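Please look over the chain and its ligand below. A short report on fold, ligand shell and core comes with them.

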Amino acid sequence: MGKNLTQKILSSHLVSGDLNNGNEIAIRIDQTLTQDATGTMAYLQFEAMNLSRVQTECSVSYIDHNTLQSGFENADDHAFLQSAAARFGAYFSRPGNGICHQVHLERFAKPGKTLLGSDSHTPTAGGMGMLAMGAGGLDVAVAMGGGAFYLPTPKVLRVWLTGQLSQWVSAKDIILEILRTLTVKGGVGKIIEYAGPGVQTLTVPERSTITNMGAELGATSSIFPSDEQTQRFLEAQGRGEDYVPLAADSDAVYDEEIKIDLSLLVPLIAQPHSPDNVVPVSELSSTAVQQVAIGSCTNSSYQDLMRVSQILKGKRVHPNVSLVISPGSRQVLSMLASNGSLTDLLDSGARLLESTCGPCIGMGQSPVSKGVSVRTFNRNFLGRSGTQDASVFLASPEVAAACALTGFITDPRTLEQSTMVEFPKQFRIDDSMILPPGDPDTPIRRGPNIQPLPIAPALNDSLDLPVILKLGNNITTDDIMPAGSKILPLRSNIPAIAEFVFHKIDPDFASKAKAQKQSIIVAGHNYGQGSSREHAALAPMYLGLRVVLAQSFARIHRANLINFGILPLTFVDEKDLDCLNPGMVLHITDLRQAIQTPEPFAITVDNASNPIMVKHDLTERQAKILLAGGLLNSTKQSV
Ligand code: F3S
């Protein structure tokens, strides 16, 4: 039986396990990327493993998220990351060089390789035929150290493309159509593989717009084959030698399939507040627009911005609209400048922003109160723009440019002129803002915002743990470790950020936890739902949290708890939660043995004669991590 593309890359990188749906496998990682919001922690974690140099083929540290905060914290983080990259053998992409995913595609991505990034849109590089996945910073740090990445064997969903896009319909409309069909949960546990004759009509940047927003489907990754389009892109980037052809076997088998005829698609738009709330643009034509934002890792390639400049050339942005443009990279910006298109954009009244994430991460350009903002980005969750009551719509650059001209949501098919963007034979290549790996003796620069990483203690055999907090259902990672402009700059300073743990629920939590030295939290169902925020495990661990006993856990947070040495336990009888209260002390004995056997075990409550029964559901690997005191310690022992 033939292999699909996913199976080919997974099997050529397999370290352990076998490729049966759901089985945990371990794969070798060829490349890693980090960005500044997650990178400081990843490099502190790498440093804590006492390794001298990264072991991957290439690791890149990008600065693209927080380039505009006031205060010294950002600058401290950037200086730390620059010196850490030099010392540990990683490339460093300086602030202003571009958004990590766009620059990675241009300068580093290679077909057939694996990429692990501490950013959820890492699958952007799937447009190059790479198996690219997002993960927590600690997983990326382990991969930088040569450790394997563990994942459940994904299902593979084939999207079979036929036909060709019509004028004014773009790659963004393809992924919006898939989101409309599959919803934001449709990709969970799956890799989405694109195939069919329609594939060859799409350039690599167009393919990457599609794989980028596979993250919004909840997919593990998305991937295109590597073909003539891939070769054309790599040659135009001066990297023709990185090309290898790659495709699924003709008799490959897939778990699921959907089919899309590209010629039937129309311009689409995602309405507030979810990327799958998709309708044809033409249905919203009476909606007034106050802001248009073009950019982000989804839609800020050279082709995207050239189309925008052609639409705006010789015209004026509507007086009621603020149009902001962030080119995806310095390469894109310099090409627009050298061919005169930048002048066309500026003459139209567009405002030029840095080549960074900018408004996508809420760094400036929040819309007016109750405003409508049309963005070429990938997410439109309530409040993400920084304006709680704004309505954010997601659309292609062509739709966004049309809206900027008319002041209303506008189907670009109503515009008179057409656009014609030639794929460049040669991109403008200048890697002077990518610093190569430096001297292993480079001193690490540590301003006051860079604090040593706390390491969990190995799991004790016997624990007396006071219940420090009793919580209900659906506690989010944001409840545990709030974010926001005051807290985010402290991301590389765990003692400082830990002061905010559970701040919204109990403002005195941090001081109470420190006074107890070791503690346990008891909670209802779905503990730790929401983002993959590692600090929601790391900061409580720093405060002495050793065990969370809940009715159930959210999957990623449970993995983060284990990674940071906190034992997740569940009740055998859920009702036992009712009899536990803050202040009680739970006694656990023979714990090291208990987590290495599958049977439930007993916990004594306040020395009462009736213990409660709990279970752990740990794999052998997870038990080993906990015994060592977390993934960092266990990696130090094994790498
Ligand atoms: Fe940056 Fe937004 Fe992409 S924050 S990495 S441009 S999703």
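The report starts with the whole chain, then turns to the ligand and the core.

This is a predicted model: local features need pLDDT of at least 70, side-chain atom pairs count only at pLDDT 80 or more, and totals for chains, interfaces and linings use all residues. Residues are numbered from 1 along each chain as its sequence is written.

**Overall build**

The chain holds 20 helices and 27 strands. These are DSSP runs numbered from the N terminus: helices are H or I with at least four residues, strands are E with at least two. Along the principal axes, the C-alpha atoms fill a box of roughly 80 × 55 × 50 Å. The radius of gyration is 25 Å, which agrees with the value near 26 Å for a compact globule of 639 residues. That radius is taken over C-alpha atoms, and the globule rule is 2.2 Å times the number of residues to the power 0.38.

Of the 639 residues, 54% are buried. Buried means 20 or more other C-beta atoms within 10 Å of a residue's own, with C-beta atoms placed from the backbone. Among contacts with a separation of 6 or more, 78% join residues 24 or more positions apart. A contact needs C-beta atoms, placed from the backbone, within 7 Å.

The domain bounds come from an automatic or database domain assignment.

| Domain | Residues |
|---|---|
| Domain 1 | 5–261 |
| Domain 2 | 268–414 |
| Domain 3 | 463–637 |

The C-alpha centres of domain 2 and domain 3 lie 42 Å apart.

**Ligand shell**

Where does the ligand lie? It lies between domain 1 and domain 2, because both give residues to the shell around it. The surrounding residues are H65, I99, C100, H101, D119, H121, S296, C297, C357, C360, I361 and N378. Each has its C-beta atom, placed from the backbone, within 6 Å of the ligand. The shell divides into six nonpolar, five polar and one charged residue. Here Ala, Val, Leu, Ile, Met, Phe, Trp, Tyr, Cys and Pro count as nonpolar, Asp, Glu, Lys and Arg as charged, and the others, Gly among them, as polar.

**Core and M481**

The largest nonpolar core has 187 residues. Such a core is a set of buried Ala, Val, Leu, Ile, Met, Phe, Trp, Tyr and Cys residues joined through C-beta atoms within 7 Å. I269, V292 and V501 have the most contacts inside it. Beyond four places in sequence, V292 contacts V321, L323, V374, A400, C403 and A404.

M481 sits in the loop between α13 (477–480) and α14 (494–497). M481 counts as buried because it has 24 C-beta neighbours inside 10 Å. Leaving out residues up to four places away, M481 touches F500, V501, R533, H535, A536 and A539.

Notes
Buried ≥ 20, exposed ≤ 12 C-beta atoms within 10 Å, placed from the backbone. Contact = placed C-beta atoms within 7 Å.
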